[in-house]
Amino acid sequence: MCAWFAAPSAGRRGAARLAAATVVSGFVAVGVLTGAGPAAADGTPQSQGGATATIGSLKTYGTAVVHDTGGEYQVSAGLFEMSVDGGGTLQTYCVDIHNPTQRDAKYHETPWSGTSLGTNKNAGKINWILQHSYPQVNDLAALAAKAGVGNLTEQDAAAGTQVAIWRYSDGAHVDALAPQAEKLADYLHKSARNLPEPKASLTLDPPAVSGHPGERLGPVTVHTNASSVTVTPPADAATSGVRIVGKDGKAITSAKNGSQVFFAVPKDVAGGVRAPSGAGGTAALTAQASTTVPVGRAFTSDSRSQTQVLAGSSESTVSATATATWADRGPIPALSAAKDCAKGGVDITAANKGDKAFTFELMGARHSIPAGGSETVTIPLQEDQPYDFTINGPNGQGQRFTGVLDCKTQGGAGGAAVQTLSEPRPATVGGSSGGTNLAETGGTSTTPLIAAIGLSLLVLGVTALSIVRKKKTAQD
């Protein structure tokens, strides 16, 4: 649920994390796809630009009832708040109802294609709900009138909106506990129509380019809803001489939507110092802006925390990065990666601007990108599988890719008992047998039993240790 903060459900999150070794061959060395979380965390997660934020807690929420084959249980349903890196605040609803939300997880703006929304035929209806309900519609009286409800509180509006989203994101059998919230959920669910995916707040396309020194490498096209974007040149620009220029060849420090920017690499990079054997170098530029992130954008985390969809945004900092690689001769690859949920893996795109083929083996298959050519290779992964691998170019300059593939929802209620993230008090389902409770913070109905078992084991351990020590003392 939105508020879950626990071990994943047994149904799909408890699956073994598979590891697959990738062959090292040719001009490229590729590391392993690993099940070790820390290893993946050390790399650079795939992000195609936009906002990066840290999730907080539920801020405005009510209660929902999930109907399962084994019964029914209550969960919190409503709006999360995220703090944007560099400034700004986001409000989000969650999708993937049975995946836990990890406290303080780092999220980044992600295309639908890299989430469960990419393969969900109802993703556009979720966007419609976001556009036509709270908080985008903050006139609660008008919203209540459309839904045929006497009145709505903010909590009712948030709960009803979240419930309607879950019905489309997961196909879940879920109702809002409050009658007003349930009527809103029904109205939104029945009224929803497909809307297109909103455009990213900021991306650079392509995110990687290559070529020869003495040339302008690019173009890299800026896509943004911001009025202006600040362009920061490479950190070592003063010594390397690499400049960021526009189509006219003049240095630039700002751009706008549709602008094309280039890396101007001197013929003699770094003051005439040339590497042997045609080796080249790399550089990166950063674009940054302040804007409101479009409602409906998806946010994902590489800590396996639940996917979120944007419901509201303050003026927020967004950024994107593009890299350039150059060499005198030989293969000169430009490498980038993106999650592809339709294919169930990660797409690696290699474009070769060199004068020789760029050859490598990946997942047991040999690939050769001819001079001037480009190819996208899909690395198939298991759902929830962390990956961490590095592709080394012909000059030993590597590009590391890390992340977790999270493309599916469970598709129905069930799974192990869960813990909640931040509920202040329990509540009961009206009329349900046994009075099923909304789990309190950090626990479930099994928490007392688990605590008792743990205490018993602790006592037994201390007792055994005491006996061993006494016996040893007697022997001495």
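Let's start with the disulfide of this predicted model, which joins Cys341 to Cys407 with an S to S distance of 2.1 Å. The count of disulfides comes to 1. The torsion about the S-S bond is -75°, and the link of Cys341 and Cys407 is left-handed. This pair ties together distant parts of the chain, 66 residues apart. To find Cys341, look in the loop between strand E19 (333-340) and strand E20 (345-352). Its partner, Cys407, sits in the loop between strand E25 (398-404) and helix H8 (447-475).

Now let's move to the helices, beginning with helix H2 (123-131) and helix H4 (residues 154-169). The axes of H2 and H4 come within 9 Å and cross at roughly 170°. An angle over 145 degrees counts as roughly antiparallel, and that makes H2 roughly antiparallel to H4. On the H2 side, the contact is made by Lys125, Ile126, Ile129 and Leu130. On the H4 side, Thr161, Ala164, Ile165, Tyr168 and Ser169 take part. By class, the residues of this contact of H2 with H4 divide into 6 nonpolar, 2 polar and 1 charged.

H4 also packs against helix H5 (residues 179-191), and here the axes of H4 and H5 come within 8 Å and cross at roughly 40°. That makes H4 oblique to H5. The crossing in which H4 passes H5 is right-handed. Which residues of H4 meet H5? They are Asp156, Ala157, Ala159, Gly160, Thr161, Val163, Ala164, Arg167 and Tyr168. Facing them in H5 are Gln180, Ala181, Glu182, Leu184, Ala185, Asp186, Leu188 and His189. The contact of H4 with H5 has 9 nonpolar, 4 polar and 4 charged residues. If you have kept the H2 contact in mind, you will recognise Thr161, Ala164 and Tyr168 of H4 from there.

H5 has another neighbour in helix H3 (residues 140-147), whose axis lies 9 Å from that of H5 at an angle of about 70°. H3 and H5 are therefore roughly perpendicular to each other. H3 passes H5 in a left-handed crossing. Leu143, Lys146 and Ala147 of H3 touch Lys183, Leu184 and Tyr187 of H5. The residues of this contact of H3 with H5 comprise 4 nonpolar, no polar and 2 charged. Leu184 of H5, seen here against H3, also belongs to the contact with H4.

From the helices, we can turn to the sheets. One open sheet has 4 strands in the order E8-E10-E14-E12, with antiparallel pairing. Its edge strands are strand E8 (202-205) and strand E12 (243-245), each of which pairs on one side only. From one strand to the next, the twist averages 30°. Within this sheet, strand E10 (residues 216-224) and strand E14 (residues 260-264) pair in the antiparallel sense over 4 bridges. To see how E10 and E14 line up, look for Arg216, which stands opposite Ala264 in E14.

Another open sheet is built from 5 strands in the order E9-E18-E15-E11-E13, and its pairing is mixed. Strand E9 (208-211) and strand E13 (254-255) stand at the edges with a single partner strand each, so one side of each is left without a neighbour in the sheet. Strand E11 (residues 229-232) and E13 pair in the antiparallel sense over 2 bridges. Which residue of E13 is the bridge partner of Thr230? That partner is Ser254.

Finally, a few details of the backbone deserve a look. Most residues other than glycine have a negative phi, and most peptide bonds are trans. A cis peptide bond joins Asp205 and Pro206, with omega at about 0°. Pro206 is in the loop between E8 and E9. Another cis peptide bond joins Tyr134 and Pro135, where omega is about 5°. Pro135 lies in the loop between H2 and H3. As for phi, Asp96 has a positive value of about 65° although it is not a glycine. You will find Asp96 in the loop between strand E5 (89-94) and strand E6 (106-110).

Conventions: Residues are numbered from 1 along each chain as its sequence is written. This is a predicted model: local features need pLDDT of at least 70, side-chain atom pairs count only at pLDDT 80 or more; totals for chains, interfaces and linings use all residues. Side-chain values use heavy atoms; hydrogens and water are left out. Axes are lines fitted to C-alpha atoms, for helices over the stretch in contact, and angles run from 0 to 180 degrees between N-to-C directions. Angles under 35 degrees count as roughly parallel, over 145 as roughly antiparallel, 65 to 115 as roughly perpendicular and the rest as oblique. A crossing is left-handed if the near helix is turned anticlockwise from the far one by less than a right angle, and right-handed if clockwise. Contact means heavy atoms within 4.5 Å. Ala, Val, Leu, Ile, Met, Phe, Trp, Tyr, Cys and Pro count as nonpolar, Asp, Glu, Lys and Arg as charged, and the others, Gly among them, as polar. Two strands pair if DSSP finds at least two bridges between them. A disulfide is a pair of cysteine sulfur atoms within 2.5 Å.
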